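Trainee: I should like to learn how to read the architecture of a protein model, feature by feature. Please give the general idea in each case, and then the example.

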Amino acid sequence: MGCLRRLLRRGLLAMLPSKRPSDAAAGDENGRGGDAKRPRRGETEGAGGSGGRNGAAPREIDEDLHSRQLAVYGRETMRRLFASDVLVSGLNGLGAEIAKNLALAGVKSVTIHDVKNVEMWDLSGNFFLSEDDIGKNRAAACVAKLQELNNAVLISALTEELTMEHLSKFQAVVFTDIGLDKAYEFDYYCHNHQPPISFIKSEVCGLFGSVFCDFGPKFTVLDVDGEDPHTGIIASISNDNPALISCVDDERLEFQDGDLVVFSEVHGMTELNDGKPRKVKNARPFSFSIEEDTSNFGIYVKGGIVTQVKEPKVLCFKALRDAMTDPGEFLLSDFSKFERPPVLHLAFQALDKFKKDHGRCPAAGCEEDAQSFLKIAAAINEASADRKLDTIDEKLFRQFASGSRAVLNPMAAMFGGIVGQEVVKACSGKFHPLNQFFYFDSVESLPTYPLEPQDLKPSNSRYDAQVSVFGSKLQKKMEEANTFVVGSGALGCEFLKNLALMGVSCSSKGKLTITDDDIIEKSNLSRQFLFRDWNIGQAKSTVAATAANAINPSLYIDALQNRACPDTENVFHDTFWEGLDVVINALDNVNARMYMDMRCLYFQKPLLESGTLGAKCNTQMVIPHLTENYGASRDPPEKQAPMCTVHSFPHNIDHCLTWARSEFEGLLEKTPNEVNSFLSNPAQYAAAMRKAGDAQARELLERVSECLNKDRCSTFDDCISWARLKFEDYFSNRVKQLTFTFPEDAATSMGAPFWSAPKRFPRALQFSAADQSHLNFIMSASILRAESFGVAIPEWAKNTSKLADVVQKIIVPTFEPKQGVNIVTDEKASNLSSTSVDDVAVIEDLLAKLQEYAKRLPPGFQMKPIQFEKDDDTNFHMDLISGLANMRARNYSIPEVDKLKAKFIAGRIIPAIATSTAMATGLVCLELYKVMAGEHPVEDYRNTFANLALPLFSMAEPVPPKVMKHKETSWTVWDRWSVQGNLTLAELLQWFADKGLTAYSISCGTSLLYNNMFARHKDRLPKKVVDVAREVGKVDVPEYRRHLDIGVACEDEDENDVDIPLVSVYFR
């Protein structure tokens, strides 16, 4: 459990995969025959059907909108989704969540079905509904708002009883409100249909939930986990049986015994380059064996890449009726509840029988209904010969029965994410489906105090469903809560929706503050569902707050556009923090999380933390005095490639893209900024360069000089010429110089081959106007160069034939490699600038030349620095970066990538989908019930790591904080020693002496206020601590600040240092 806990207790970085998500699902199509009216699973309509709806072509993927989702699924999966028709039956809160996630995912159509009308009860779970919808059909009332989420998805409502004919039109059908008898009937039809229709049944009953999946007798999973195939760079191969393959220690191998791998680029033992998959055995961090006798193969010389082969997997699902009696192994989520799934399997059967007998769910807190439910459960258990439970947990079954009618929003959000992802799997073959039952409960979320029946009764309130589970006392506390939500992106939107439905801060005594300094972009719309296309460019927090108010008009919400950081502590001041009940992070970076953790630690406020990465999500509860804080453990820093590798010896596309982005920023942003700095104030700029006087200053001046002299562009033809010469410099001349300095047969000082793995020997490129990729590089480089120089871009600039004509007329100087060129090979080098004894003289010469060049410029000339923007496909930024990277990859025989994959890597795009976001926020809000109720022990809280792709759910209680002791006093990181009164330094020292401690050093921030080693510090003893901080430390103490925080170094009677908490002196 130690490893699991370490994984669970950390934030997002602990779950980052080492490889990027695959750009396309692996494997072939399923090959199932059948209905020509709709595509087979695993095919797009363009491949296996008539095209789009009514014979139209399948819609194109809007990469601006779906870029984060594409990073998870890849194009092929998206195309399959675009060809899929899905039915969601039962528009309770769970059905609404599932439909929302599918609309955001971009399936072809979502048909929502319901025969029931809206009741006040539904408003606690379905965020599409309002009081104005009461009495309307639930499905019909949701259509318009669901359609707003994605106009490319056809949304329709079905309000009549379902028939088999209805089901035949869909690739997948989902039921959230259906009896077992009808479910057996529909599932049998779907299971035996040709091709099978994927059937999913899911329920949320209070704090209990279930999912069942049946994707047919033979379902092909094209990509079981969505990760890129693992690779390794070979260092040696033995002539043995079995053969031992050793790889370079650049990165640990991720292979496991039984994996299939293929070899390429092996020199010497070329027999392995046949493309035949071979099985891995004895996998180790940097070596493995293969089931192959290589005794008679050629002797390994050098090189070689080994790549995992991902094979499709065929799953055989049971029909619901068969699975109900023989469910097989249940998917576990909480290892402290190892025996729980069979119990819940029985409980859901008992509930179905109760509803069939009584026409309703058991009433909340009703003893008669509870007894009837227990009898039904006992009878079903007795009839379950092979899977009979030894005992029935009466308390658990009572809890199940009492809340069974309620579809709680957090449970709906969690299961909406799970089921939404299962539908994506069913329609695309991407990721491993749930096989077949999943049960979950969060009974720990119930208050620790007993709930009386009268406290659970409905009052015709929108919160009646929630009250029926938790009681009116907790509901009142939630409505009066002061809540701080930091961030209103994907997580923030989900949280606001959840909090509005739960009634958090929905009273005049409560308040929800949300802050985010970001604005809405198009790429946000595929996950951040409170935003619409007409909101692009507006403040996220303001739009999200307005949307949350529309969900629940009683919500008291204040939307701010401030970043939560030290600079805004005048906004989020002490009084603000002291009034909070809970803080919910909805952030996307570790630095911001660390800051919020520090503030919550300081003010002793509960922090509910979560994060997502593609199909993965995690949650961490930070509860004062009960759990460790977010920053208690640090992740190792992300491994960075050495500078010399990126600049001269790349061996994967990431290196090429890192270099490409660095060059883009140097050419188009940093150098123009330097030019403008010089032109704005030449004297000041020259003084700064002279003062620096180093190699980096010299290189800056060389770039500015080149930019204003030989590389200066006045016409678009100049820009084309510059781009062509850059091509020659980057992809030919530099490579010729490198291979001249280090020939292919070069050796290291130790006599080993210089060009040994992981280094790859490069080849210079020969420019060709007939090569479209070469011309595309020239086009994007010349257009951006023109933009930076303010040169008019002619209409023909994007005409490749015209461009080719101009390029072919450019005279390219012949390059001759030079002797004695220093190329950095030290992997520990932090920069590539080489210091020279004559740097100062060169700087003076360059500054003089710059003065001359400046005189030739038009009056007021300034360059336009271009800041990299990845999400605008019309600005040529990614065209240039992908061109730079792919030409460099071609130099080194590294596989190239398309612009989209380049965008993911160079743009550092975090893969994101709506399903994992929904699940994470649902899990957090289940913990929020515990925080608001209070009095829960640490054993009741849960940290979670989940991967919807596998699927995997791992829950564990949080780690308690480390306890430190001195004599009878103990404390943790949560404690802060408060000293009341405007004390002098002498009085403060006595305060510590009374605790048996000698305070020998006192500091405030970076300033030393007192140290007993310095005699002159004794003069400060009569002074007030706050006055010493002002006078000595120059500490600014604003009017809103009532206390001063100091760090105190102490020792005990034995002169042993004692690490004490932060000390706050309350002087006001």
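The dialogue below moves from the whole chain to its sheets, a helix and a single residue.

Mentor: This is a predicted model, in which local features need pLDDT of at least 70 and side-chain atom pairs count only at pLDDT 80 or more, while totals for chains, interfaces and linings use all residues. Residues are numbered from 1 along each chain as its sequence is written, and side-chain values use heavy atoms, with hydrogens and water left out.

Trainee: How many helices and strands does the protein chain have?

Mentor: Helices (H or I, at least four residues) and strands (E, at least two) are DSSP runs, numbered from the N terminus. The protein chain has 32 helices and 31 strands. Its radius of gyration is 33 Å, close to the 31 Å given by the globule rule for 1068 residues, so the chain is as compact as a globular protein of that length. The radius is taken over C-alpha atoms, and the rule is 2.2 Å times the number of residues to the power 0.38. Along the principal axes, the C-alpha atoms fill a box of roughly 95 × 90 × 65 Å.

Trainee: What share of the residues is buried?

Mentor: Buried means under 20% relative accessible area, exposed over 50%, and partly exposed in between (1.4 Å probe, protein chains only). Of the 1068 residues in the protein chain, 57% are buried.

Trainee: Into which domains is the chain divided?

Mentor: The bounds come from an automatic or database domain assignment. Domain 1 covers 231–309, domain 2 covers 651–819 + 835–893, and domain 3 covers 964–1066. The C-alpha centres of domain 2 and domain 3 lie 56 Å apart.

Trainee: How should a sheet be read?

Mentor: Strands of a sheet pair through backbone hydrogen bonds, either parallel or antiparallel. Here two strands count as paired if DSSP finds at least two bridges between them. Eight strands form an open sheet of mixed pairing, in the order β18-β17-β16-β19-β20-β21-β22-β23. β18 (557–560) and β23 (952–956) stand at the edges with a single partner strand each, so one side of each is left without a neighbour in the sheet. Neighbouring strands of this sheet are turned by 10° against each other on average, direction ignored; axes are lines fitted to C-alpha atoms, for helices over the stretch in contact, and angles run from 0 to 180 degrees between N-to-C directions.

Trainee: In which sense do β16 and β19 pair?

Mentor: Strand β16 (residues 482–486) and strand β19 (residues 582–585) are parallel, with four bridges, and Phe484 stands opposite Val583 in β19. By contrast, strand β22 (residues 943–947) pairs with β23 in the antiparallel sense over five bridges. These two strands form a hairpin with four residues between them, and Phe945 stands opposite Ser954 in β23.

Trainee: Which strands close into a barrel?

Mentor: Six strands do, in the order β8-β9-β12-β11-β10-β13, with antiparallel pairing. Neighbouring strands in this sheet are turned by 45° against each other on average, direction ignored. Three bridges join β8 (residues 231–237) to β13 (residues 305–309).

Trainee: What is the reach of helix α16?

Mentor: The expected span of a helix is 1.5 Å times one less than its number of residues. Helix α16 (residues 490–502) has 13 residues and reaches 19 Å from its first C-alpha to its last, close to the expected 18 Å. Of its 13 residues, 13 are buried. Just after α16, Gly503 takes a positive phi of about 85°.

Trainee: Is His966 buried or exposed?

Mentor: His966, in strand β24 (residues 964–966), is buried, with a relative accessible area of 9%. Leaving aside neighbours within four places in sequence, its contacts (heavy atoms within 4.5 Å) include Trp971, Lys995 and Asp1052.
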